[in-house]
Amino acid sequence: MSNEQNTEEKKHSVYNVMWSILNFLNSPQEQKSRSAYLAAIRNSMGKNLEDSADVWPILFPFIPKEFLNVGTLSYEERALLVALQLYAVGQQGLNKVSNNEKNVSFGCALQRVRDANSASLDRRFNTMLTATTFDEFVYHLRQIFRLAKSKDNFSVNFLKLADDLFIHQIGGNKKVCLRWAKDYYRPFRDEEENDRS
């Protein structure tokens with residue numbers, strides 16, 4: 001198997017693992033435990049994963065053995081954990097953030113809630129895109145997510161987000177940020193056209 005095929009499989013596997021986790025959280029048999037799971041995931045924000053034992057039974061059963069890293073989180077684990085944390089934040093309160101099934105970037109999701117009074121959103125978005133480390137990028141991503149969550153029509157493709165967070169860490173940060181910026185600043189287009197970009 002070529003390196004290109006291996007990277008492509010990993011990229012799609014991050015997407016598929018995120019799908020499996022969300023499918024588990026939203027399954028009818030887990031409805032009684034769902035609130036506790038989501039609270040545990042939210043409480044893991046800002047902590048090291050080794051200090052977040054409540055998240056382990058939610059995350060680790062779905063992560064393929066080759067994604068697990070000894071001592072530190074692998075790129076795949078970090079991408080999945082961050083996307084999962086944002087999903088849990090999105091499910092809190094009255095304004096719930098739905099999982100957008102369309103293949104759109106996070107920039108496109110933010111563009112839908114952008115309006116004439118979005119100077120604060122624009123400023124935070126630009127700060128996020130110019131972050132120099134992944135941790136700084138995630139810090140600003142969480143802030144902007146919370147700001148966008150307060151607006152109507154905010155929906156995120158959490159599967160694509162997990163995929164983009166993985167790509168960001170393996171040297172594709174400029175590619176991800178440029179795609180998000182194009183989707184954020186372009187005039188609103190219908191979803192069918194967004195799917196093709």
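Which residues line the largest cavity? In this predicted model, the lining of the largest cavity is made up of Val104, Ser105, Phe106, Ala109, Ser155, Val156, Asn157, Lys160, Leu161 and Asp164. The space enclosed there amounts to about 40 Å³, and the count of cavities of 30 Å³ or more comes to one. Sorted by class, the lining comprises five nonpolar, three polar and two charged residues. Three elements, namely α5 (106–111), β2 (155–156) and α8 (158–185), each contribute at least two residues to this lining. The largest share is that of α8, which provides three residues.

The cavity is set within a chain that contains nine helices and two strands. Read from the N terminus, the order of these elements is α-α-α-α-β-α-α-α-β-α-α. Of the 197 residues of the chain, 47% are classed as buried. The accessible surface of the chain was computed as about 10600 Å², and carbon and sulfur atoms account for 49% of that area. Contacts were also examined by separation along the sequence. Among those between residues at least 6 apart, 73% join residues that are at least 24 apart.

The arrangement of buried positions was next considered for helix α6, which spans residues 119–129. Within this helix, Leu121, Asp122, Phe125, Met128 and Leu129 are buried. These residues lie on the same side of α6, because the arc that they cover around the axis is only 125°. The partners of these buried residues are α5, α7 and α8, against which they pack. Two of these partners, α5 and α8, also supply residues to the lining of the largest cavity.

The third partner, helix α7, covers residues 134–149 and includes His140. The relative accessibility of His140 is 15%. Since a residue is classed as buried when this value falls under 20%, His140 counts as buried. When residues up to four places away in sequence are set aside, His140 touches Thr127 and Met128. Met128 belongs to the set of buried residues in α6 described above, and the packing of that set against α7 is thus accompanied by a contact between Met128 and His140.

Definitions and conventions:
Residues numbered from 1 in each chain as written. Predicted model: local features only at pLDDT ≥ 70, side-chain atom pairs only at ≥ 80, totals over all residues. Heavy atoms only, no water. Helix = DSSP H or I, 4+ residues; strand = E, 2+ residues; numbered from the N terminus. Buried < 20%, exposed > 50% of the residue type's maximum accessible area, 1.4 Å probe, protein only. Contact = heavy atoms within 4.5 Å. 1 Å grid on protein atoms, 1.4 Å probe; cavity = no way out; pocket = protein on both sides within 12 Å on 5 of 7 lines; lining within 4 Å. Points joined across faces, edges and corners; volume = space filled by probe spheres on them. Nonpolar A, V, L, I, M, F, W, Y, C, P; charged D, E, K, R; others polar. Areas by Shrake-Rupley, 256 points an atom, 1.4 Å probe, with all protein chains shown as cover. Arc of directions from axis to C-beta.
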